[in-house]
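Let's take a walk through this fold together, helix by helix, with a few stops at single residues along the way. Have the structure open and turn it as you read.

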Amino acid sequence: MKFLIGMTSITYAMRAQELLTAKKIRCQVVSTPKNVGSGCGYSLSVSGEPNEVKRLLSENGIKYKEVYL
């Protein structure tokens, strides 16, 4: 499943990308679409299981705003 995660900062977006890539989860830092919401302006486009990704981010102290399915 492909989904978008709104990030709180570019730093967290880059850390999340590094973590998820190491876990073999495909992701890419992208500009947050204007119709999605507010945040730092960066999101992650992710291919994977949303609950697993949220768990990994939380366990590693990576803050995010919202998950958009």
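Start where the two helices meet: in this predicted model, the axes of α1 and α2 come within 11 Å of each other and cross at roughly 120 degrees. An angle over 145 degrees would count as roughly antiparallel and 65 to 115 as roughly perpendicular, so this pair ends up as oblique. The crossing is right-handed. Which residues make the contact between α1 and α2? From α1 it's A16, L19 and L20, and from α2 it's V53, L56 and L57.

Now look at α1 by itself. The helix runs over residues 10-22, which gives it 13 residues. From first C-alpha to last, α1 reaches 18 Å, close to the 18 Å expected at 1.5 Å a residue. Its buried residues are Y12, A13, A16, L19 and L20. Look down the axis of α1 and you'll see these buried residues fall within an arc of 130 degrees, so they line one face of the helix. The spacing rule behind that kind of pattern is a familiar one: an α-helix has 3.6 residues a turn, so residues three or four places apart point the same way. Swing round to the other side of α1 and you'll meet E18 and A22, both exposed.

What sits over the buried residues of α1? The cover includes three strands, β1 (2-7), β2 (26-31) and β3 (42-47), along with helix α2 (50-59).

Turn next to α2, where P50, V53, L56 and L57 are buried. Viewed down the axis of α2, its buried residues fall within an arc of 130 degrees, so here too they line one face of the helix. Of these, V53, L56 and L57 are the ones you met in the contact with α1. The buried residues of α2 pack against β1, α1, β3 and β4 (64-68). On the other side of α2, N51 and E59 are exposed.

While you're on α2, stop at R55, which is found in this helix. Is R55 buried or exposed? Neither, quite: at 40% relative accessibility it counts as partly exposed, because that label covers values between 20% and 50%. To place R55 against the start of the chain, compare it with M1: the two are 54 residues apart in sequence and 16 Å apart in space, C-alpha to C-alpha.

The stretches just after the helices deserve a look as well. α2 is followed by G61, whose phi is positive, near 70 degrees. Just after α1 comes K24, which takes a positive phi of about 65 degrees. As a rule, most residues other than glycine have a negative phi. K24 is a residue other than glycine, and its phi is a positive value. You'll find K24 in the loop between α1 and β2, where it is exposed, with a relative accessible area of 74%.

Carry on into strand β2 and you come to R26. With a relative accessible area of 68%, R26 is exposed. Still, R26 touches S45, V46 and S47, leaving out residues up to four places away in sequence. R26 and K2 are 24 residues apart along the chain, and their C-alpha atoms are separated by 9.4 Å.

One last stop is G48, in the loop between β3 and α2. G48 is partly exposed, with a relative accessible area of 22%; the cut-off for buried is under 20%. What does G48 contact, setting aside its neighbours within four places in sequence? The answer is M1 and F3. As for V29, it lies 19 residues from G48 along the chain, and the C-alpha atoms of the two are separated by 15 Å.

To pull the helices back together: the buried residues of α1 line one face of that helix, the buried residues of α2 line one face of theirs, and the two helices touch through A16, L19 and L20 on α1 and V53, L56 and L57 on α2.

Methods:
Residues numbered from 1 in each chain as written. Predicted model: local features only at pLDDT ≥ 70, side-chain atom pairs only at ≥ 80, totals over all residues. Heavy atoms only, no water. Helix = DSSP H or I, 4+ residues; strand = E, 2+ residues; numbered from the N terminus. Expected span 1.5 Å × (residues − 1). Buried < 20%, exposed > 50% of the residue type's maximum accessible area, 1.4 Å probe, protein only. Arc of directions from axis to C-beta. Contact = heavy atoms within 4.5 Å. Axes fitted to C-alpha atoms, helices over the stretch in contact; angles between N-to-C directions. Parallel < 35°, antiparallel > 145°, perpendicular 65-115°, else oblique. Left-handed = near helix turned anticlockwise from the far one by under 90°.
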